[in-house]
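Subject: A structure for you to explore

Hi there,

Here is the structure I promised to pass on to you. Have a look around it first, and then read my notes below.

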Amino acid sequence: MKQPIFLKPLFQERIWGGTKLSKAYSYNIPSSQTGECWAISGHPNGQSIVASGYLAEKTLGELWEEQPALFGHFNSDRFPLLTKILDANEDLSVQVHPDDEYANTFENGELGKTECWYIIDCDEDAEIIFGHHANSKEEFMYLVGEGNWSELLQRVKIKAGDFFYVPSGTIHALCRGTLVLETQQSSDTTYRVYDYDRLGQDGKPRELHLNKALEVITVPHTATKVEPAVAQTLGGNITTFVEEDYFTVYKWDIKNSLSLTQEAYFTLASVISGEGEIISEGTEYSIRSGDHFIIPNQMQSFTIRGNVQLIASHPNSKGGRQGDMESTAREVANV
Ligand code: ZN
C-alpha cells in the first residue's frame, strides 16, 4: 500500500488538562479538562483507529498483527512508539518512568518509557521540571521527606521550538501553559513523586509511587544534551532532534516542496501547523494542521508540498520488544 495511513486521534481527560487541543487543532474534545491527544497509538489503553481507505476502522494494534509488511516486518511484538499532543493547562505531577527491564518485570510486560518533547507553544514565562539536584538516593529521599521541592527539583525555562530528550529514570514534569508534541515508547507507566497535594477527579489525592520511583530514578541526574542538526534546502528544512536507541525524531519544515525518502521501516508523522499535500506515486493526499498518519514501508519515496510543518519519527533497533522470540531462543539454548 503506497499511501499514507491516516489515523483518528483520541482524547484523555486529565486534572491538569484544558481546551487548547480544540483551539489549536479544532479537535472535538470531551471536556474543558482534556489533557492528552493520543495521536498515533497501538497501546491497549487507547488505540488509534484508521480514518479512511480500505483499512478504515481497524485499530493500529490490528494492523500491526495482520499487516506486518506495512511496517517492514519491524521486529517487535507491539507497535513500538506512541505520539501524543499534551495540553498542560496546569502543572503535571512530578514523575519518573521505568526502563524496559524494570517495566517488563514489575509492570506486566510493559515497555519502559523513554520520551521526548517538542514544544509547540507555551506561555512567555513557561518552564518544565527536568532533573533534580540530589547527589544520592538518601539525599533525594531526605528532600522529599522535608517537602523541600524548590531545592530538590531543577526547573528549566522553555520557549516554542525547544526540544527535550527525557530518558527513562529522569525526574520530569510539564508545567502549566505548555502545548507539547511527545514522542515516546509505547508505554503507560508513570511513577508519581509529587502531585502538589492536589485532589484527583474523584476528590481524593492521586496515588504516589515513591518506592518504585526511587528504584528507577537516575541519581545524580544526568542530562542528555540535544543538539539538533538542520539540513536546509530551497524546498524546506529538515531538523534531526534526536537519534537514540528507541527513536529518531525530525521536524520537516516545508516551505514549498520537499522530496523525501523513507529512512527506516516506517515513519510516524504529525502536522503541527500549516497545510499542503503528501504525494505518493502521483496521487495527492491533503494534509493539514492536526492530522496524524503513518508512512508505510512501501512508500519508499514521497513528496510533501505546501507551507506545512510536521514532526516525524521512526523506531530504532531497541524500539520494541521481541519477547516471544527471545524466550524461544532461550528455550532452545536451554535444551
Ligand atoms: Zn513523562
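What follows is a short tour of what was found.

First, some ground rules. This is a predicted model, in which local features need pLDDT of at least 70 and side-chain atom pairs count only at pLDDT 80 or more, while totals for chains, interfaces and linings use all residues. Residues are numbered from 1 along each chain as its sequence is written, and side-chain values use heavy atoms, with hydrogens and water left out.

**The whole protein**

The protein has seven helices and 21 strands; these are DSSP runs, numbered from the N terminus, with helices being H or I over at least four residues and strands E over at least two. Its radius of gyration is 20 Å, close to the 20 Å that the globule rule gives for 335 residues, so the protein is as compact as a globular protein of that length. (That radius is taken over C-alpha atoms, and the rule is 2.2 Å times the number of residues to the power 0.38.) The C-alpha trace spans about 65 × 60 × 40 Å along the principal axes.

Of the 335 residues, 56% are buried. Here buried means under 20% relative accessible area, exposed means over 50%, and partly exposed is in between, using a 1.4 Å probe and protein chains only. Among contacts with a separation of 6 or more, 73% come from residues 24 or more positions apart; a contact means heavy atoms within 4.5 Å.

**The zinc site**

Which residues coordinate the zinc ion? They are Gln95 (OE1), His97 (NE2), Glu115, which appears with two OE entries, and His172 (NE2), at 2.1 to 2.8 Å. Donors are N, O and S atoms within 2.8 Å of the metal (3.2 Å for Na, K and Ca), and water is not among the atoms, so sites may look incomplete. His97 sits in the loop between β6 (94–96) and α3 (100–106) and His172 in strand β11 (residues 172–174), so this pair ties together parts that are 75 residues apart in sequence. Both histidines, His97 and His172, are buried.

His97 is also one of the residues touched by Lys113, which is found in the loop between α3 and β7. Is Lys113 buried or exposed? With a relative accessibility of 4%, Lys113 counts as buried. Its other contacts include Lys84, Pro98 and Ser168, leaving aside residues up to four places away in sequence.

**The sheets**

Next, find the open sheet of six strands, ordered β2-β3-β5-β12-β7-β10 with antiparallel pairing. Two strands pair if DSSP finds at least two bridges between them. At the edges are β2 (10–18) and β10 (163–166), each of which pairs on one side only. Inside the sheet, seven bridges join β7 (residues 115–122) to the antiparallel β12 (residues 178–185), and Asp121 stands opposite Leu179 in β12.

Strand β18 (residues 267–280) is worth a look too. In β18, 10 of the 14 residues are buried. It pairs in the antiparallel sense with β21 (residues 301–315) over 11 bridges, with β20 (residues 292–295) over four, and with β19 (residues 283–288) over six. β18 and β19 form a hairpin with two residues between them, and Glu281 in that turn has a positive phi of about 50°.

**A helix with two sides**

In helix α4 (residues 137–146), Phe140, Leu143 and Val144 are buried. They cover an arc of only 105° around the axis, which puts them on the same side of α4; the arc is that of the directions from the helix axis to the C-beta atoms. The buried residues of α4 pack against β8 (127–132), α5 (149–152), β13 (191–194) and α6 (210–216). On the face turned away are the exposed residues Glu138, Tyr142, Gly145 and Glu146.

**Backbone oddities**

Most residues other than glycine have a negative phi, and most peptide bonds are trans. Glu57, in the loop between β4 (49–50) and α2 (60–66), has a positive phi of about 80°. His73 has a positive phi of about 55°, and is exposed with a relative accessible area of 56%. Lastly, the peptide bond from Val219 to Pro220 is cis, with omega near -10°.

Enjoy exploring!
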